[in-house]
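Colleague: Could you walk me through reading helix packing in a model? I'd like the general idea each time, then the case here.

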Amino acid sequence: MHIHILGICGTFMGGIAAIAKQLGHRVSGCDANVYPPMSTQLEQLGIELKQGYLTEHLKDEPDLVIVGNAMSRGNVMVEYVLDRNIAYTSGPQWLLDNVLKDRWVIAISGTHGKTTTSSMVAWILEYAHMKPGFLIGGVPQNFDCSARLGDAPFFIIEADEYDTAFFDKRSKFVHYRPRTLVINNMEFDHADIFNDLSDIQRQFHHLIRMVPSNGLVLSPKNESAITETLAQGCWTPTEFSVDNEFSKAGWYAEKLIGDGSEFIVYFKDEIQGTVKWNLIGDFNIDNGLMAIAAARHAGVPSHVAIDALAEFINTKRRLELRGEVGKVRVFDDFAHHPTAIAKTLAGVRANVSANGEGDQSCRVIAVLEPRSNTMKSGVHKDTLPASLAQADVVYLFQDEQVQWSVNTLIKECRQPCFVETDIDVLVSHIVNNSQADDTIVVMSNGGFGNIHQKILDQLAKKG
């Protein structure tokens, strides 16, 4: 078939393109912005890319159009497809019909940690020589691609709760029909499509109803939103990660180093092994436990999974060290929800302390762009100051699309807080006030004007 993909340069749709190509289809696609690294990856696979949404891209009429969820009515190509009755479907539906229906699907869901945990599970199965398929919404650094068909029954997928397409407002993950389901956590997010947490819980309940009785649902024990959702009905065995309160009744981690870079793994009071890795933060311990448990359900012994995690390289933009100049470290992180922001900064703070750098001269500097649709709307503005508490200094970017005044946070933050509307001015302020042993953590779910490299370049000039 000739398949054309609308919105091909998003990570998910780019992954769909790669898998369709591996299945032997002719694949073309277009996007509003066709640029590296996704454009380079797709072109290397022999996929035809076109810039912009122009009806002329469909003159060589494809057999099927796969419509990305960023497309809406009024888009000229969407209208062209509808008017000419060209066959179309969504990415998740195509994936179910052509790949997932015959596979053991391991779905990683939750508000936070999906990309990292999916990458961990894929790497564990790869380490165990199982050659899984996967589709991950990021750049997993243990692999040279973010999606592949694989040679095993197992397929790992990042299970997003965002809606499917303009014609299918169900969450994408209801199309995946997993046998192994991880629910990392559950909070209110995506205020542009959900009214409240109960809307999100309803979608997760639909997902849970699809897991077979010979499957497994994995989640933390002490998350009330997940507990409430499971109580709506679950016909599948469950396993939980637990804390001290529950006396190690399920999956449990005992930290050996405060920043989470080394910990003992327990399951039902039995030691499974010790993880020693390059990651930090309690949130990554949680991700690691779920990955070990999911892999175990797929047949990988816990000790093998633990050995694999020792060689795991975290996904790009997940607390990724972009560089160090003059004893100033610059990290890039995808955090864009108050909970993720708080956990990221707590992990960095613990790392600074664990390395003997806990004195007052070793500062944690938070640089945040409120960029997600939910952040732009102001839904989380009241909880942002508390989420930034572990930082010594806070820098915030006021984009013109943010629908509220970020300046209101200056008085709410306990530490010095600065707001800028120009990225270059923001960079100058950060660099001019930086000092040796600072750790700068840049947080955004977008490119943030390449601010990370600009900071590093200015630091180098500063000497």
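Colleague: Which elements do the buried residues of helix 5 pack against?

Modeller: First, some ground rules. This is a predicted model, where local features need pLDDT of at least 70, side-chain atom pairs count only at pLDDT 80 or more, and totals for chains, interfaces and linings use all residues. Residues are numbered from 1 along each chain as its sequence is written, and side-chain values use heavy atoms, leaving out hydrogens and water. Helices (H or I, at least four residues) and strands (E, at least two) are DSSP runs, numbered from the N terminus. Contact means heavy atoms within 4.5 Å. The buried residues of helix 5 pack against strands 6 (104–109), 7 (133–135) and 9 (154–158), plus helices 8 (282–297) and 9 (302–309).

Colleague: How many residues of helix 5 are buried?

Modeller: Buried means under 20% relative accessible area, exposed over 50%, and partly exposed in between (1.4 Å probe, protein chains only). In helix 5, 12 of the 14 residues are buried, including Met-120, Trp-123 and Leu-125.

Colleague: Where do the buried residues of helix 7 sit around the axis?

Modeller: An α-helix has 3.6 residues a turn, so residues three or four places apart point the same way. In helix 7 (residues 224–231), the buried residues are Ala-225, Ile-226, Thr-229 and Leu-230. They cover an arc of only 130 degrees (taken from the directions from the helix axis to the C-beta atoms), which puts them on the same side of helix 7. The face turned away from that buried side carries the exposed Ser-224 and Ala-231.

Colleague: What takes a positive phi just after helix 7?

Modeller: That is Gly-233, with a phi of about 140 degrees.
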